Amino acid sequence: MTDLATYNFAYLDEQTKRMIRRAILKAIAIPGYQVPFASREMPMPYGWGTGGVQVTAAILGPDDVLKVIDQGADDTTNAVSIRAFFQKVANVAVTTHTRDATIIQTRHRIPEEKLTEGQVLVYQVPIPEPLRFLEPRETETRKMHALEEYGLMHVKLYEDIARNGHIATTYAYPVKVAGRYVMDPSPTPKFDNPKMHMSEALQLFGAGREKRIYAVPPHTEVVSLDFEDYPFEIQKFEQPCALCGAHDVYLDEVVLDDKGGRMFVCSDTDHCEDRRDHGHAGAMLAPKKEAAE
Amino acid sequence: MYVAVKGGEAAINNAHRLLADRRRGDRSLPSVTIDQIVEQLGLAVDRVMAEASLYDRSLAALAVRQARGDMIEAIFLLRAYRTTLPRFGATVPVDTAGMKVERRISATYKDLPGGQLLGPTFDYTHRLLDPSLLSDEQVEEPVRKQAGGEEVMRVSDILAHEGLIEPDGEFPEDHEAGDLTREPMEFPMSRDLRLQALARGDEGFLLALGYSTQRGYGRNHPFVGEIRIGEVEVEMDIAELGFAVPLGRIRVTECQMVNQFKGSSKAPPQFTRGYGLVFGQSERKAMAMSLVDRALRAEELGEDIIAPAQDEEFVISHCDNVQATGFVEHLKLPHYVDFQAELGLVRKMRSDIDKARSKARSGDNLSQEAAE
Amino acid sequence: MTSKTQALSGGFSQPVFESQSVFRMLMDGMAKPGTLCTVDLDVGQPEPLGGAAGAIALTLCDHETSVWLSAGLSQSAVAEWIGFHTGAPIIREKAEAHFAFVEAGATPASFGLFSLGSQEFPDRSTTLVIEVKALGQGPLMTLTGPGIRATQTIAVDGLPDVFMRLWADNRALFPRGVDVILTAGQKFLCLPRTTRLALQ
C-alpha cells in the first residue's frame, strides 16, 4: 500500500503557498478586486472555510497567535475544528482573546473589539461576487467590474425600498472599496460593515470553492452602498446583552422556552466574557450576583 | 440561567468515536478488507478513482471503506490526499488505439475488424436478484480468447479513411495541456480543460445532462461509434533521456460518440464527435461525458445555445460533486447571526404594517364618531 | 568564485520559515505602503542583486513565474542563481514578466512595456523590484492612498527624476498598472499601484 504523506508546515506545500502569497500581494495592491487563484482541494468541505484556511495557511508563521471564530464565537463546532486543524498541522499558538491574536480567521462576524495595527482578519467567503445574484455569469460580472458598471446593484437595492420600504439586505451588504470596486464583505451582518472602514487591521478574504482572494488594506475607505434619501443604517437592538450589559454590540437571540421566552446575548463570546471579567453584568447575571452577596 | 454552549471539542471527538463505531458495525462479523473491496466492489473503486482523478485502487478502496460506502465522501477523501502529492511532470497522451481491449462494441456497424467484444458487462443480464450470491458459491473461471497482440482498429479511423468524420481536435504545437487543479478557472474554456472537468465530474450530473440532450434539450443526434474498455500504457517523457519511458498500465473506458454532420457549400459535410474517457470501467460515465462534450461544442460548431447541457459556464461550474456537496451541506453550519439580521428586519416590517393598520383603524373610528 | 559556483550557492537555509517571514514583511509592506523593511538574512545572492531583492526572488518566484532582468543583472550570475534556486524561467519579453528585477541606476524609461494587466484582470501585471542607492536617506517623498493613515514619508536616494512621472502615469491607469518594490541592500519598501507620490 502507498505510504501516506506527512504534511508540510501549515499543510500546504511551498509551491501552493507561493501561488497564494502572490495572489494576496496583488489583492492588496488592488483593494476590493477579486484575484483568481488556483484554490487547492483541502481536507475539509468546500463551503466550510477552505478559502480562509488556505489564506491563513499561506500567511501563518511559527510566531503567530491564531484565533478562529464562527458566528462571533470561538466555541462553535466549525471554529473548533479549524482551530484544531492549525494546531495539528502548524503547532501554532491559539487564543480566544481578540487583542492577543495576530491572525483572526472568521466566518460571519467581525469582532466587537477594535482591531489594531499589525493584526490580520481572514474572512471565509462563500460567494465572493457581490453581483452574482443579479447576474449568474462570471463572464458578465467580470465585465461589469472592468467597466465599473454597478448600476444593477443600485437598481436591486432600490427595488427593495420600493417593495418593502427598506433596503432588505441585512447581511453580505455590498460595499465600495477605495472608491472603485464593489465588494462582498462575506455574509457578516451589515452591523459589522462600519468596522471595515479605515480599519487598522489588514483584511483578507478567501473563497476556496470559487477560487478568489481579495483584500482591504488598513486605513482604506469602505463605504456601504446607499441612497441619499435612504442612507445606510446598521441594526439596533432594543436591549443590551443579558449577560454583560453591553450596548452597541451584535446580539444573538436565545430561545428559553416554548412560551416566547427569550434573551439576547453578545454574539462575540470573547468580548462578552471579557466584559463580565471586568465586572459588567447584564439583567440575567445581576440577580445571581445579589444572591451571592 | 443561560449557560453558553461550551465543549465543542468534546462533542466533535465523541461524534468521531460514534462514527468509527458505526463504520465498524457488528464486531462479531469480520471487517471488510481493502483487498476485498478492490476485488469485489471494483466498480465502486473505479468511480472513486475517476472522480477523484487519482489512479490508485488500494487508496480508493481505503476511501470507500473509510466513507462507509458513501461515494462522494470517498471521492473527497481521495482528492484531499491527491492535492498533497508532488508532481513530477505530465505523461504523454495515452494511446487508446493501442489498448488491450477487454470490451469493445460499436453501434454504428454490424461487424467490424476486431469484432464486437462484449466483455464483463451487465448489459444482457436479467436484472433478477441472484440467490446464489447469498452464499459464497464457487464461481466458474471465465472463458478467455487468446490475445492476438494486434491493435483493434478504431471506428473513428474507419470513418476517417473516407473523410467522413472530423479529425481529432488539435492544439497548436506549443499548447500545454491545462490543469484546472493547478490554475484558476476561466471562461470560455479550452476543450482540454473542459474534458478534464467532465472526466472528474459527477456521474449522476453528467448522466442527467446527457439524457436531457437526448430528450431535445440541445439534441445532437448521437451514435455510439465505439466504446472500448481495457488497459493502456502510461508513458512519460524524460528530458534527460530524450524519450518516453513506460510507467505502468491503467484501465480506462473510452467512448467516441459520432454525431450529426456539419458542413457548408465549401466544406463537405462530416460527422462530428463527442468524446469521453474515464479511469476504470465506467461506461455510463464515459457515454454521458461524450454527449455533454459534444453539447458543449455548440459554440465552436456554430449551433444555437438553447439548452443547459450546451452552457459551458453552467455545466462546468456545477459538475464537481465535491464542490457541490460542500456548498449544499454548508447550509447546516450555524447561520444564526445572519438569521438574526433577517428576523430583526421581518419584525420591523411587520410592526410598521401593524402601526399603519391601527392608525388607519383609529382614523376610521374618528370619522365614524364624527358622523354620529 | 566562478559564476557557476556563485549561481549554486546561497538560498534560504530554512526555506519554509524564512520564506514565510520575508513574505509577511512583503504583505505588511504592501498593506502599509512606504514602510521600511529590513531582511535579516544572508541569502548569498550574486552581485549586483541586493540582499533584499534576492530574498524576495526566493520568496515569490518559481517555475510558474517568468522573470525579466535588467541588462546588468542578466549579464551577471544572477540569472543562473534565480533559475537554480527558484526554477523561474528568465525571459526577455518584458510584457510576459511576472517579476522584473532592476539593478541600481537602471530604472526603466517606461513601465508601458511591462505587463500592466487588463481591465478584466488587472492582477496580471508585472511586479518590479528596483534597486536604488539607499532607502531611509535622500530626497523626501510624501505618500498617500490606501494603507496609509493620512500620509507617510519616505526617503529614497537614487531614483531618477523620471520616476515621478512614470508613477503618476501608472497611477492614472488604475486598476491596471505595475506594482513596485524598491530595494537597497537588505532594505525594501513597497509601492502598490494605489499609492500617490509627491516630492516634498
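Select chain B and turn on its surface: the accessible area comes to about 22,700 Å², and 56% of that belongs to carbon and sulfur atoms. Bear in mind as you click around that this is a predicted model.

**Stop one: chain B as a whole**

Switch chain B to cartoon and you can pick out twelve helices and four strands. Its radius of gyration is 28 Å, well over the 21 Å that the globule rule gives for 372 residues, so chain B is more spread out than a compact globule. Turn it around to see this from several sides: along the principal axes, the C-alpha trace spans about 105 × 70 × 55 Å.

Now colour by burial. Of the 372 residues in chain B, 39% are buried. If you draw the contacts with a separation of 6 or more, 64% of them come from residues 24 or more positions apart.

Next, show the charged side chains. How many positive and negative ones does chain B have? There are 45 positive and 60 negative, with the centres of the two sets 6 Å apart.

**Stop two: E203(B)**

Stay in chain B and select residues 203–214, which form helix α8; E203(B) is part of that helix. Is E203(B) buried or exposed? Its relative accessibility is 10%, and since the cut-off for buried is under 20%, E203(B) counts as buried. To see what surrounds E203(B), show R47(B), E51(B), S282(B), R284(B) and K285(B) as sticks: those are its contacts once you leave aside neighbours within four places in sequence.

**Stop three: two cis peptide bonds**

Most peptide bonds are trans, which makes the next two selections worth a look.

Still in chain B, zoom in on F187(B) and P188(B), where the peptide bond is cis with omega about -5°. P188(B) sits in the loop between α6 (155–161) and α7 (191–199).

Then hop over to chain C and select F174(C) and P175(C). The bond from F174(C) to P175(C) is cis too, with omega near 10°. You will find P175(C) in a loop as well, between helix α6 (162–172) and strand β8 (179–184) of chain C.

**Stop four: the sheet in chain A**

Move to chain A and show the strands. Seven of them make an open sheet with mixed pairing, and you can trace them in the order β1-β9-β8-β5-β4-β2-β3. Which strands stand at the edges? They are β1 (35–36) and β3 (93–94); each has a single partner strand, so one side of each is left without a neighbour in the sheet.

Zoom in on the β3(A) end. Strand β2 (residues 65–70) runs parallel to β3(A), and two bridges join the pair. To find a bridge partner by eye, select L66(A) and look across to V94(A) in β3(A).

**Stop five: two positive phi values**

Most residues other than glycine have a negative phi. Chain A offers a couple of exceptions to click on.

Start with H108(A), whose phi is near 80°. H108(A) belongs to the loop between β4 (103–107) and β5 (120–124). With 3% relative accessibility, H108(A) counts as buried.

Finish at A172(A), with phi near 50°. A172(A) is in a loop too, this one between helix α5 (151–164) and strand β6 (175–177) of chain A. Its relative accessible area is 21%, so A172(A) is partly exposed.

Terms used: Residues numbered from 1 in each chain as written. Chains lettered and ligands numbered in written order. Heavy atoms only, no water. Rg over C-alpha atoms; globule rule 2.2 N^0.38 Å. Buried < 20%, exposed > 50% of the residue type's maximum accessible area, 1.4 Å probe, protein only. Contact = heavy atoms within 4.5 Å. Areas by Shrake-Rupley, 256 points an atom, 1.4 Å probe, with all protein chains shown as cover. Lys, Arg positive; Asp, Glu negative; His and termini not counted. Charge placed at Lys NZ, Arg CZ, Asp CG, Glu CD. Pairing = 2+ DSSP bridges.
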